[in-house]
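Please walk through this structure from its charged contacts to its core and surface. What holds distant parts of the chain together, and where do the charges sit?

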Amino acid sequence: MNDNDILNAGYKEYKPTPFHNDGITKCFQKRFDDEKGKKYFIDINKWEFLPHPHTGEQIPESYEFETQFNKDDKPINITLFNRWEIEEAEQFFERMWCAMHLDYYEEWE
């Protein structure tokens, strides 16, 4: 997976905020809706690492997927770490949202 794969999957890039870890160099977000309303967002964080100071070993870049669901107005944060593919992560979050009958962020009028 690379940045172009993420953009081609419909994610929008944004700059990391002061709340992000220093190793996060890019962020991407996509909103998921249905006919009833806004369900959730998925954020993808791109991690890039400096070479190890003693060995010079370079850790490869990686991506993590994050979302926040709500159930009865109680937030649930979930992070999927490296090795997930975009479609796989999206399907996982969707199955979780449906199976747990999670709340909409906003329902359409």
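D3, K26, K46 and E61 are linked in a network of salt bridges, a salt bridge being a side-chain nitrogen of Lys or Arg within 4 Å of a carboxyl oxygen of Asp or Glu. The model is a predicted one, in which local features need pLDDT of at least 70 and side-chain atom pairs count only at pLDDT 80 or more, while totals for chains, interfaces and linings use all residues. Residues are numbered from 1 along each chain as its sequence is written, and side-chain values use heavy atoms, with hydrogens and water left out.

Within this network, E61 pairs with K46, and their closest N and O atoms are 3.5 Å apart. E61 lies in the loop between β3 and β4 and K46 in strand β3, so this salt bridge ties together parts that are 15 residues apart in sequence. Helices (H or I, at least four residues) and strands (E, at least two) are DSSP runs, numbered from the N terminus. K46 is buried at 7% relative accessibility, whereas E61 is partly exposed at 38%. Here buried means under 20% relative accessible area, exposed means over 50%, and partly exposed is in between (1.4 Å probe, protein chains only). The areas come from the Shrake-Rupley method with a 1.4 Å probe, and for residues only the protein chains shown count as cover.

Side chains of opposite charge can pair when their charged atoms come close. How many salt bridges are found in the whole structure? The search finds seven. One of them joins E106 to K38, with 3.1 Å between the closest N and O atoms. E106 belongs to strand β6 (residues 106-107) and K38 to strand β3, so the contact ties together parts that are 68 residues apart in sequence. K38 is buried, with a relative accessible area of 15%, and E106 is partly exposed, at 38%.

Strand β3 also supplies K39, whose side chain meets that of E94 in a salt bridge of 2.7 Å, N to O. E94 is in helix α2, and the two residues are 55 apart in the chain, so the pair links distant parts of it. K39 counts as buried at 7% relative accessibility, and E94 is partly exposed at 25%.

The charged pairs sit on a fold of two helices and six strands. From the N terminus on, the elements run α-β-β-β-β-β-α-β. The C-alpha trace spans about 55 × 30 × 25 Å along its principal axes. Of the 109 residues in the protein, 34% are buried.

Some of the buried residues form nonpolar cores, each a set of buried Ala, Val, Leu, Ile, Met, Phe, Trp, Tyr and Cys residues joined through side-chain atoms within 4.5 Å. Which residues of the largest nonpolar core touch the most other members? They are Y11, I42, I44, F65, F69 and F93, out of 19 residues in this core. At least two residues each come from β2 (24-33), β3 (37-47), β4 (62-71), β5 (74-80) and α2. Helix α2 gives the most to this core, with five residues.

N70 is placed in strand β4. Is N70 buried or exposed? At 14% relative accessibility, N70 counts as buried. N70 and I59 are 11 residues apart in sequence, and their C-alpha atoms are 34 Å apart in space.

The loop between β4 and β5 contains D72 and D73. Most residues other than glycine have a negative phi. D72, which is not a glycine, has a positive phi of about 55 degrees, and the phi of D73 is also positive, near 65 degrees. D72 is exposed, with a relative accessible area of 53%, and D73 is exposed at 68%.

Negative charge also gathers on the surface, where D5, E85, E87 and E88 form a patch. Patches are made of residues with over 30% relative accessible area and no salt bridge, with like charges joined within 9 Å and nonpolar side chains (Val, Leu, Ile, Met, Phe, Trp, Tyr) within 5 Å. Lys and Arg count as positive and Asp and Glu as negative, while His and the chain ends are not counted. The place of a charge is taken as NZ of Lys, CZ of Arg, CG of Asp or CD of Glu. Within the patch, E87 is found in helix α2 (residues 86-99), and E87 is exposed, with a relative accessible area of 58%.
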